[in-house]
Amino acid sequence: MDRQSLDQIVNEVIAQLNKNDVTEGIPIGVSARHCHLDQEALETLFGPGYELTKKADLSQPGQFAANETITIVGPKGSIEKVRILGPLRKASQVEVSQTDGFKLGLKPPIRESGNIYGSSPVTLVGPKGSIYLKEGLIIAQAHIHMAEEDAEAYNVQDGEFVKVRIEHEARPIQFEKVLIRVSSRYKLEMHIDTDEANACAVRSGAKGKLLKAGQADA
Ligand SMILES: [Zn+2]
């Protein structure tokens, strides 16, 4: 083998290693019910000047689970110890599963995080007060966080819907409408809620295979 073709092979191998391995699969993260608060809601629930304290970092950079929890209330019932995720946002939002919606007696729509216009009302109760949100309760649409390099490697764009297949010896499943969310702040991970995870016996750490819409099943 001559020197030139050896260099070429080495360069190709390095290029492959540097590329994100799209055959590896998308790591799955299961999101339990949680809420995001704005400044006003935090102070109403926990008192003026209150600041969240960090319990643990989340997989997405900068996001954290707070030590603080609240109770959420609907016409049929309430759910205690709903974790607050930080940092604070511009608008309060509560993300639950369909099962939680039944328990509360509310009908949250399936939405992309942040899109709460016209969503379900819900009451939040904290140690120092309560607040009635006219909208803000949603079921999060299954989605994949990824950085620009990942989007390139998987040949997808922000806002696109893809399919994701998760293998399991007893309960394999295929998600048909998974939203791609691209940002330099994101780390590659697919988020599903507890109902979706239980439907296919999936736990955090499992991996899914991304299929472009229209692409044949695995
Ligand atoms: Zn997410």
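Hi everyone. Let's start with the pocket: the lining of the largest one has 8 nonpolar, 13 polar and 7 charged residues. Before I go on, please keep in mind that this is a predicted model.

So, how big is that pocket? The volume of the largest pocket comes out at about 700 Å³. Its lining counts 28 residues, and Leu58, Gln60, Gln63, Leu85 and His191 are the ones that lie nearest the centre. If you want to find the walls on your screen, look for strand 1 (26-31), strand 2 (34-36), strand 5 (78-86), strand 10 (143-146) and strand 13 (189-193), each of which supplies at least two lining residues. Strand 1 gives the largest share, with 3 residues.

Where does the pocket sit relative to the domains? Domain 1 is made of 24-29 + 142-212 and domain 2 covers 32-140; both contribute to the lining of the largest pocket, so the pocket lies between them.

Now to the metal. Which residues hold the zinc ion? The zinc ion is coordinated by His143 and His145, each through NE2, and by His191 through ND1, at 2.0 to 2.1 Å. Along the chain, the donors follow the spacing H-x1-H-x45-H. His145 belongs to strand 10 and His191 to strand 13, so this pair ties together parts that are 46 residues apart in sequence. Both count as buried because they fall under the 20% cut-off: His145 has a relative accessible area of 7%, and His191 has 14%. And yes, this is the His191 we just met among the residues nearest the pocket centre.

Let me zoom out for a moment. The protein has 5 helices and 14 strands. Its C-alpha atoms fill a box of roughly 75 × 40 × 30 Å along the principal axes. There are 218 residues, and buried ones make up 42% of them.

What about the cysteines? The structure holds 0 disulfides. Cys35 is buried at 0% relative accessibility, and Cys200 is buried too, with a relative accessible area of 1%.

Here is a distance for those of you who like to check coordinates. Val30 is found in strand 1 and is partly exposed, at 27% relative accessibility. From Val30 to Pro127 you travel 97 residues in sequence, and the C-alpha atoms are 28 Å apart in space.

Finally, some backbone details for anyone setting up a calculation. Which peptide bond is cis? A cis bond joins Gly86 and Pro87, with omega about 0°. Pro87 is in the loop between strand 5 and strand 6 (93-95).

Next come the positive phi values. Asn155 has phi near 60°, although it is a residue other than glycine. You will find Asn155 in the loop between helix 4 (148-154) and strand 11 (161-166), and it is exposed, with a relative accessible area of 55%. Ala201 also has a positive phi, about 60°, and is not a glycine. Its place is the loop between helix 5 (194-199) and strand 14 (207-212). Ala201 is partly exposed, at 33% relative accessible area.

To pull the main thread together: the largest pocket lies between domain 1 and domain 2, and His191, one of the residues nearest the centre of that pocket, is also a zinc donor. Thanks for listening, and I'm happy to take questions.

Conventions:
Residues numbered from 1 in each chain as written. Predicted model: local features only at pLDDT ≥ 70, side-chain atom pairs only at ≥ 80, totals over all residues. Heavy atoms only, no water. Disulfide = S-S within 2.5 Å. Buried < 20%, exposed > 50% of the residue type's maximum accessible area, 1.4 Å probe, protein only. 1 Å grid on protein atoms, 1.4 Å probe; cavity = no way out; pocket = protein on both sides within 12 Å on 5 of 7 lines; lining within 4 Å. Points joined across faces, edges and corners; volume = space filled by probe spheres on them. Helix = DSSP H or I, 4+ residues; strand = E, 2+ residues; numbered from the N terminus. Nonpolar A, V, L, I, M, F, W, Y, C, P; charged D, E, K, R; others polar. Domains from an automatic or database assignment. Donors = N, O, S within 2.8 Å, 3.2 Å for Na, K, Ca; no water.
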